[in-house]
Amino acid sequence: MDWQFGYADAQRGAFVNLIRRPPGERDADAITCSAQACAKQMAILDRFLADTLWLSGTAFGIGDIPMGVYANTWFNLEIERPELVHVVNWYERLRERPGYASQVMIPLT
C-alpha cells in the first residue's frame with residue numbers, strides 16, 4: 001500500500017492543473033511532466049500485474065484499494081497514457097466491483 005504514495009506524488013501535477021485550476025491558469029509543462037512520471041509508475045504496476053490478478057495476490061484485497069483510486073483518476077485525466085494491458089485488465093476488474101463503481105468511479109473534483 002505504501003508504494004502508492006510515490007504514485008500520488010507523480011499524479012499531483014496533472015490532477016491539480018487539469019481538475020483544480022481553470023484552463024487559463026494551467027501549467028502545461030507540469031501536466032506533461034506529471035503524465036510522464038505517472039506512465040513510469042504505471043509501467044511498474046503493469047509489470048507486477050503481469051504475474052497476478054490483484055495487487056494483493058490471487059484475490060482482491062486491501063492493496064488494491066488505494067491504488068485503485070489513483071488508477072481511476074489516471075484513466076480519467078486528459079493526459080497521454082501508454083498502453084499497459086495488465087493495468088487495463090486490472091482496472092476493468094475493479095470497475096466490475098459494485099463498491100468501486102459507486103464510491104470511486106465518481107466525477108473528478
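Trainee: How many aromatic pairs does the structure hold, and how do I read one?

Mentor: This is a predicted model, and it holds five aromatic pairs. In general, you describe a pair of aromatic rings by how far apart the centres are and by the angle of the planes. Take Tyr7 and Tyr70: their ring centres are 5.8 Å apart and the planes sit at 65°, so this pair is edge-to-face. That pair ties together distant parts of the chain, with Tyr7 in helix H1 (residues 3-20) and Tyr70 in helix H3 (residues 64-76), 63 residues apart.

Trainee: Are those two tyrosines buried or exposed?

Mentor: They split. Tyr7 has a relative accessible area of 0%, so Tyr7 is buried. Tyr70 comes out at 25% relative accessibility, so Tyr70 counts as partly exposed.

Trainee: What about Phe75 and Tyr91, stacked or edge-to-face?

Mentor: Look at the angle again. The planes of Phe75 and Tyr91 are at 15° and the ring centres are 4.3 Å apart; planes under 30 degrees apart count as stacked, so this pair is stacked. Here too, distant parts of the chain are linked: Phe75 belongs to helix H3 and Tyr91 to helix H4 (residues 85-95), 16 residues apart. Both Phe75 and Tyr91 are buried. They also belong to one aromatic cluster, together with Trp74 and Tyr100.

Trainee: Which rings have a charge over them?

Mentor: Try Trp54 and Phe60. Arg93 has its charged end over the ring of Trp54, 5.4 Å from the centre. Over the face of Phe60 you'll find Arg97, at 3.7 Å from the ring centre.

Trainee: Back to H1. How do I check its length?

Mentor: Compare the expected span with the distance between the end C-alpha atoms. H1 has 18 residues, which at 1.5 Å a residue should span 26 Å; the ends are 24 Å apart, so the two agree. Do look along the helix, though: H1 has a kink of about 45°, centred on Gln11.

Trainee: And H3?

Mentor: Same check. The 13 residues of H3 should span 18 Å, and the end C-alpha atoms are 18 Å apart, so that agrees.

Trainee: What do the buried residues of H1 and H3 pack against?

Mentor: For H1, the buried residues include Tyr7, Gln11, Phe15 and Asn17, and the buried residues of this helix pack against helix H2 (28-49) and H3. For H3, the buried residues include Asp64, Met67, Trp74 and Phe75. The cover over the buried residues of H3 includes H1, H2, H4 and helix H5 (98-103).

Trainee: Can we zoom in on one residue of H1? What does Asn17 touch?

Mentor: Asn17 lies in helix H1 and has a relative accessible area of 3%, so Asn17 is buried. Setting aside residues up to four places away in sequence, Asn17 touches Glu25, Arg26, Asp27, Ala30 and Ile31.

Trainee: Is Arg20 buried or exposed?

Mentor: Arg20, also placed in helix H1, has 55% relative accessibility, so Arg20 counts as exposed. Leaving aside neighbours within four places in sequence, Arg20 is in contact with Phe15 and Thr109. Arg20 and Leu108 are 88 residues apart in sequence, with 9.3 Å between their C-alpha atoms.

Trainee: Which elements have the lowest and the highest mean pLDDT?

Mentor: Among the elements of the protein, H1 has the lowest mean pLDDT, 94, and H4 the highest, 98. The protein averages a pLDDT of 96, and 100% of the residues score at least 70.

Key
Residues are numbered from 1 along each chain as its sequence is written. This is a predicted model: local features need pLDDT of at least 70, side-chain atom pairs count only at pLDDT 80 or more; totals for chains, interfaces and linings use all residues. Side-chain values use heavy atoms; hydrogens and water are left out. Rings of Phe, Tyr and Trp (its six-membered ring) pair if their centres lie within 6.5 Å; planes under 30 degrees apart count as stacked, over 60 as edge-to-face and the rest as tilted. Helices (H or I, at least four residues) and strands (E, at least two) are DSSP runs, numbered from the N terminus. Buried means under 20% relative accessible area, exposed over 50%, partly exposed in between (1.4 Å probe, protein chains only). A charge sits over a ring if NZ of Lys or CZ of Arg is within 6 Å of the ring centre and within 35 degrees of the ring normal. The expected span of a helix is 1.5 Å times one less than its number of residues. The bend at a residue is the angle between axes fitted to the seven residues ending there and the seven starting there. Contact means heavy atoms within 4.5 Å. pLDDT is the predictor's confidence in each residue, from 0 to 100.
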